[in-house]
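Subject: Handing over a structure

Dear colleague,

I am passing on to you the structure we spoke about, with its sequence alongside. Below it you will find my notes on what turned up when I went through it.

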Amino acid sequence: MEDREDAEGPGGGGGYHRAAKRLRTEEEAGGEELEDREEEVDSTGEETASSGDTETRNRRRAGKDGVEDSHCIPPSPVVHVRGLCDAVVEADLVEALDKFGNICYVMMMPFKRQALVEFDSVESAERCVSCGSREPVYVAEQQAFVNFSTSQRITRPTNADDPTSRNKVLLLSIQNPLYPITTDVLYTVCNPVGNVLRIVIFKRNGIQAMVEFESVEDAQKAKLALNGADIYAGCCTLKIEYARPNRLNVVRNDNNSWDYTKPFLLHRDRGKGRRRQAILGEHPSNGYGPHCPLLPLPANRYRRSSEEVPDMIAYPLCLPKTSSSTSSSILGHAASSSVAMVSSLHSAKMNCSRIFNLFCLYGNVEKVKFMKSVPGTALVEMGDEYAVDRAVTHLNSVKVFGKKLNVCVSKQQAVIPSQVFELADGSSSYQDFSLTRNNRFSNVQSSRNIIQPPAPILHFYNAPPTLSKHQLHKLCAEHNVPAFTNFKVFDAKPSSKTLSGLLEFDSKTDAVEALTVLNHHQIRIPNSSNLFTLKLCFSTSSHL
């Protein structure tokens with residue numbers, strides 16, 4: 001029953017000044033109508049993301065050895081802007097470039113520090129590129145570089161023929177979500193810019209939300225002020241587009257959906273009948289309140305001056321997981337699942353340990369179970385729902401052993417060790433990791449974990465002090481994983497008993513495969529009883 005139920009659906013900046021360098025990094029929300037809209041969000045998110053990826057691929061073809069030549073790229077109304085600083089938002093680009101002509105659309109690519117700007121005519125774009133070739137162009141007080149884009153038009157989620165079309169509903173994609181994203185958080189961020197009517201949050205392909213404003217003008221101001229901004233310093237980056245629907249339908253108010261025009265719209269528990277009377281009523285704070293950590297909300301120049309907003313944002317505590325029932329009571333009835341479902345796994349090369357090696361970078365892994373009824377699919381129970389959100393955000397669509405993973409939030413609340421069988425490599429289809437010392441979010445050192453998306457450079461640590469480049473190459477060959485191309489060892493303290501450094505691979509895919517196989521590999525020093533557990537994670541470095 002459990003396998004069958006989950007098998008049905010495997011699928012799936014800042015205007016605030018950053019205090020830290022940016023890290024390189026379903027609940028049903030309204031019945032059938034909202035579920036349909038959720039599928040729409042998934043497709044629009046993938047569609048708009050493709051513009052930036054296509055731009056990068058085409059630009060590589062247009063230039064040689066990384067040197068761009070504006071004469072190789074034909075004039076286009078779309079301008080590609082590079083070298084942006086972390087603090088740039090859409091409004092900064094418009095402010096710097098609208099002197100060249102009317103701007104129709106802007107697509108931010110915050111993690112690449114790039115953006116696409118579409119003018120209403122090729123002549124305007126030519127003025128911009130021509131000026132940039134003669135004198136520096138400054139965006140937010142930092143020099144940026146402009147050139148024609150290889151695209152003739154920026155892909156919009158609405159697919160509108162009118163390039164100036166607007167909508168009062170915005171689609172927000174939250175990238176690198178290290179902290180919980182709730183309706184309260186998004187309201188606190190968006191409402192100071194324009195009146196927010198409704199919010200719906202989706203958690204199928206990463207974390208996305210639709211925010212409906214009172215007017216198109218309010219939505220336009222919010223997009224200008226917040227597109228590319230960080231909700232918290234260095235993380236929870238907003239990428240904003242206009243959404244397809246022009247109105248949201250919300251049937252209950254909770255952490256994942258809220259209608260601010262109907263403040264008394266209560267959460268409905270379907271199929272549960274009457275609830276037992278509670279002696280003391282509801283939970284004292286329902287997971288929110290003065291006991292929760294508070295983060296300051298920096299001032300923003302695009303806020304409405306008359307708007308009074310709290311100076312702090314509260315978010316739920318990421319408490320250690322004890323049981324599914326306890327977790328649910330702490331976080332309220334709207335808590336998401338702490339189980340992820342991953343499909344499209346290589347049936348011969350993936351096992352429970354290798355799934356652990358990959359998922360443990362984003363939170364504690366409790367249990368892993370392969371589903372017998374659906375080959376190549378596994379359930380991963382993690383420490384809390386936020387670990388699942390991080391795993392979905394960073395691992396969905398990542399290629400491992402030639403197969404593109406599909407990672408989404410499962411409908412199950414826990415992994416139960418039923419129907420255990422033998423995998424192709426002879427290992428068990430179920431494994432409990434709750435007591436392993438290789439979980440990295442359980443001790444006081446967990447604050448040092450950097451949540452990093454897959455990258456071509458791996459950081460290795462806890463290696464034997466005598467480990468050499470030749471030994472690592474031999475290790476890669478023995479386990480049939482791609483070999484690294486560059487190797488760097490960090491200078492260790494004289495008292496250090498282990499070695500750490502960086503390994504650079506030809507591609508992100510090669511690095512992911514090496515980490516999946518070699519993470520937590522045990523290395524024994526000859527003529528010694530010492531056993532070292534090699535630990536790997538994705539590095540924040542862009543090159544060696």
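To begin with a single residue, R252 has a relative accessibility of 4%, and therefore counts as buried. Please keep in mind throughout that this is a predicted model, so that everything below describes a prediction.

**Salt bridges**

R252 forms a salt bridge with D254, and the closest N and O atoms of the two are 2.9 Å apart. D254 is also buried, because its relative accessibility is 6%, and the cut-off for that word is under 20%. In total, the count comes to 6 salt bridges.

Another of them joins R198 to D259, with 3.2 Å between the closest N and O atoms. R198 belongs to strand β7 (residues 196-202) and D259 to strand β11 (residues 257-259), so this pair ties together parts of the chain that are 61 residues apart in sequence. Both R198 and D259 are buried, and the two are members of a network of salt bridges that also links K168 and E212.

The salt bridge between K221 and D218 has its closest N and O atoms 3.7 Å apart, and here both residues lie in one helix, α6 (residues 216-226), where they are 3 residues apart, or about one turn of the helix. An α-helix has 3.6 residues a turn, so residues three or four places apart point the same way. The two partners differ in their surroundings, since D218, at 10% relative accessibility, counts as buried, whereas K221, at 39%, counts as partly exposed.

**Nonpolar cores and a buried helix**

In soluble globular proteins, nonpolar side chains tend to be buried together. The largest nonpolar core in this model has 55 residues, of which I355, L358, F359 and V365 touch the most other members. Helix α11 (residues 508-518) gives the most to this core, with 6 residues. If you would like one residue to start from, L358 touches L395, V400, L405, V512, L515, T516 and F538, leaving aside residues up to four places away in sequence. Apart from this core lies another, of 34 residues, which include V78, M107, I199 and L226.

Helix α5 (residues 183-190) is also worth a look, as 6 of its 8 residues are buried, so that the helix is largely enclosed by the rest of the structure. The buried residues in α5 are T183, V185, L186, T188, V189 and C190.

**A four-stranded sheet**

Further along the chain, 4 strands form an open sheet in the order β22-β23-β21-β26, with antiparallel pairing. Its edge strands, each pairing on one side only, are β22 (486-489) and β26 (535-538), and neighbouring strands of the sheet are turned by 20 degrees against each other on average, direction ignored. Strand β22 runs antiparallel to β23 (residues 499-504) and is joined to it by 4 bridges; V489, for instance, has G501 in β23 as its bridge partner.

**Where to be careful**

The average pLDDT of the chain is 76, and 71% of the residues score at least 70. Over residues 1-51, however, pLDDT stays under 50, although the model has 174 contacts for this stretch beyond four places in sequence. A further stretch, residues 62-70, also has a pLDDT below 50, and has 8 contacts in the model beyond near neighbours in sequence.

With best wishes

Terms used: Residues are numbered from 1 along each chain as its sequence is written. This is a predicted model: local features need pLDDT of at least 70, side-chain atom pairs count only at pLDDT 80 or more; totals for chains, interfaces and linings use all residues. Side-chain values use heavy atoms; hydrogens and water are left out. Two strands pair if DSSP finds at least two bridges between them. Helices (H or I, at least four residues) and strands (E, at least two) are DSSP runs, numbered from the N terminus. Axes are lines fitted to C-alpha atoms, for helices over the stretch in contact, and angles run from 0 to 180 degrees between N-to-C directions. A salt bridge is a side-chain nitrogen of Lys or Arg within 4 Å of a carboxyl oxygen of Asp or Glu. Buried means under 20% relative accessible area, exposed over 50%, partly exposed in between (1.4 Å probe, protein chains only). A nonpolar core is a set of buried Ala, Val, Leu, Ile, Met, Phe, Trp, Tyr and Cys residues joined through side-chain atoms within 4.5 Å. Contact means heavy atoms within 4.5 Å. pLDDT is the predictor's confidence in each residue, from 0 to 100.
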